[in-house]
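The following note is offered as a colleague's reading of the model, arranged as numbered points. Please consult it alongside the sequence and the coordinates.

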Amino acid sequence: MKGMTTIVKKTTQILAGIIFLYGAYVVIHGHLTPGGGFAGGVIMAGAFILVTLAFGGGFLNLKKEETGSTATENIAVLIVIILSLVGLFLGAKVFFLNFLPRGTVGELVSAGVLPLYNIFVGIEVTSSIFILFLALVIFKEEDT
Amino acid sequence: MELALTIITGFMVIGAIYAIHAKDLLSAVIACGIVGYGLVICFLLLKAPDLAIVQIVVDTMSLIIMVTVVLNTSREEPYYGLDSRGRTLAVAALALIIALLYYFVISTGHLDAFGESHLRMSEAYMNGAAEKTGSANLVTGVVFDFRGYDTLGEATVLVTAVLGVIAILRLKGKK
């Protein structure tokens with residue numbers, strides 16, 4: 001996949017980090033403000049897709065990226081499942097038990113496990129959307 | 001508010017009809033965008049910022065991917081004429097639409113007024129949810145605490161979909 005012009009590359013260099021930070025903000029503040037793992041994850045994936053579209057990359061590079069993203073995605077989902085199962089091992093026979101202390105409502109570190117769920121679902125959604133994009137790009141690369 | 005929602009919904013219907021009949025696939029994809037962004041404005045008017053954020057982000061991302069696909073493949077839509085089977089299906093679809101409209105008119109008489117719906121379940125969620133879950137955002141509290149099992153299914157569906165895409169678009173499968 002070929003990259004784009006210098007103007008697009010320079011703009012991407014400036015913007016991609018800010019877009020990624022905004023996505024991370026939406027994920028981390030998911031239990032305080034509107035947003036959460038799904039919305040923030042797609043924003044973070046947008047930063048990756050922007051970089052890939054602007055700079056391109058060789059076939060082998062893209063393939064490596066795809067393998068790494070697949071591993072990240074599956075590990076993130078595994079962690080979500082393990083977090084939801086912890087309640088069963090702690091003695092209370094409850095699926096999705098909020099086992100951490102709740103804290104004060106409205107602070108950044110509060111709400112027990114909910115921020116952790118948000119973060120790992122965000123990572124999972126990021127890599128999922130990025131894989132969807134990469135799979136299509138790689139499929140086209142193989143043709144040419 | 002109902003008037004604004006009606007106008008936006010009308011625009012969405014026009015955009016959807018145009019997307020079906022457009023000759024150029026690129027303009028069809030962009031007409032699909034009208035539907036998505038109209039839905040965003042509807043969600044904002046109905047005071048659902050969580051849904052609006054998800055909708056605007058997912059719509060932009062799918063629009064980018066669809067535009068990339070259209071630009072890299074073909075912009076012409078192949079046209080097939082209507083044969084006898086197609087005519088039968090069209091008549092069946094028309095009958096279904098008329099039946100659905102009939103039941104829609106009957107059922108709207110029994111619903112609560114617009115924006116006045118009070119379910120027992122939603123009141124149980126809203127009363128003291130911040131204390132129960134510790135989350136200031138009620139939506140996150142419901143999604144990950146009260147309905148965590150539901151969300152786990154959602155995340156798993158995404159993983160399964162991605163696995164399916166990788167399996168279909170793999171190297172050997174093309175021969």
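1. B:Ala92 is partly exposed, because its relative accessible area is 45% and the class of partly exposed residues runs between the 20% and 50% cut-offs. This alanine belongs to helix α4 of chain B, which covers residues 84–108. From B:Ala92 to B:Ala113 the C-alpha separation is 33 Å, for a distance of 21 residues in sequence. The model under discussion is a predicted one.

2. The domain assignment divides chain B into domain 1 (1–79), domain 2 (84–117) and domain 3 (119–175). Between the C-alpha centres of domain 1 of chain B and domain 2 of chain B the distance is 23 Å.

3. The largest pocket holds about 760 Å³ of space. Its lining is made up of 25 residues, and the closest to the pocket centre are B:Asp50, B:Leu51, B:Val139, B:Thr140 and B:Val143. Where does the largest pocket lie with respect to domain 1 and domain 3 of chain B? Domain 1 (1–79) and domain 3 (119–175) of chain B both contribute residues to the lining, so the largest pocket lies between them.

4. Both chains take part in the lining of the largest pocket. At least two lining residues are supplied by each of α2 (37–55) of chain A and, from chain B, α3 (49–72), α5 (120–126), α7 (138–146) and α8 (148–168). The largest share comes from α7(B), with 6 residues. By class, the lining of the largest pocket comprises 13 nonpolar, 7 polar and 5 charged residues.

5. The structure also holds 1 cavity of 30 Å³ or more. About 30 Å³ of space lies in the largest cavity. Residues of both chains line the largest cavity: A:Val80, A:Phe96 and A:Val121 from chain A, and B:Phe144, B:Gly148, B:Thr151, B:Leu152 and B:Ala155 from chain B. Which helix gives the most to this lining? That helix is α8(B), with 4 residues. The lining of the largest cavity has 6 nonpolar and 2 polar residues, and no charged residues.

6. Helix α2 of chain B (residues 25–45) has 21 residues, so at 1.5 Å a residue its expected span is 30 Å; the end C-alpha atoms are 31 Å apart, in agreement with that value. Its buried residues are B:Leu26, B:Ala28, B:Val29, B:Ala31, B:Gly33, B:Gly36, B:Gly38, B:Val40, B:Cys42 and B:Phe43. The buried residues of α2(B) pack against α1 (2–21) and α3 of chain B.

7. The same check can be applied to α3(B). With 24 residues at 1.5 Å a residue, α3(B) should span 34 Å, and the 35 Å between its end C-alpha atoms agrees. Buried in α3(B) are B:Asp50, B:Ala52, B:Val57, B:Asp59, B:Met61, B:Leu63, B:Ile65 and B:Val70. One of these, B:Asp50, is also among the residues closest to the centre of the largest pocket.

8. The loop between α2 and α3 of chain B contains B:Lys47. The phi angle of B:Lys47 is near 60 degrees, a positive value in a residue other than glycine. Is B:Lys47 buried or exposed? With a relative accessible area of 73%, B:Lys47 is exposed, since exposed residues are those over 50%.

9. In chain A, A:Lys9 is found in helix α1, residues 6–28. Its relative accessibility is 30%, so A:Lys9 counts as partly exposed. Neighbours within four places in sequence aside, A:Lys9 is in contact with A:Met4, A:Ala54 and A:Phe55. By contrast with those contacts, A:Leu85 is 45 Å away from A:Lys9, C-alpha to C-alpha, and 76 residues apart from it in sequence.

10. B:Thr9 is located in helix α1 of chain B. Its relative accessible area is 37%, and B:Thr9 is therefore partly exposed. B:Thr9 and B:Val35 are 26 residues apart in sequence, with a C-alpha to C-alpha distance of 8.5 Å. The helix that holds B:Thr9, α1 of chain B, is one of the two against which the buried residues of α2(B) pack.

How values were computed
Residues numbered from 1 in each chain as written. Chains lettered and ligands numbered in written order. Predicted model: local features only at pLDDT ≥ 70, side-chain atom pairs only at ≥ 80, totals over all residues. Heavy atoms only, no water. Domains from an automatic or database assignment. 1 Å grid on protein atoms, 1.4 Å probe; cavity = no way out; pocket = protein on both sides within 12 Å on 5 of 7 lines; lining within 4 Å. Points joined across faces, edges and corners; volume = space filled by probe spheres on them. Nonpolar A, V, L, I, M, F, W, Y, C, P; charged D, E, K, R; others polar. Expected span 1.5 Å × (residues − 1). Buried < 20%, exposed > 50% of the residue type's maximum accessible area, 1.4 Å probe, protein only. Contact = heavy atoms within 4.5 Å.
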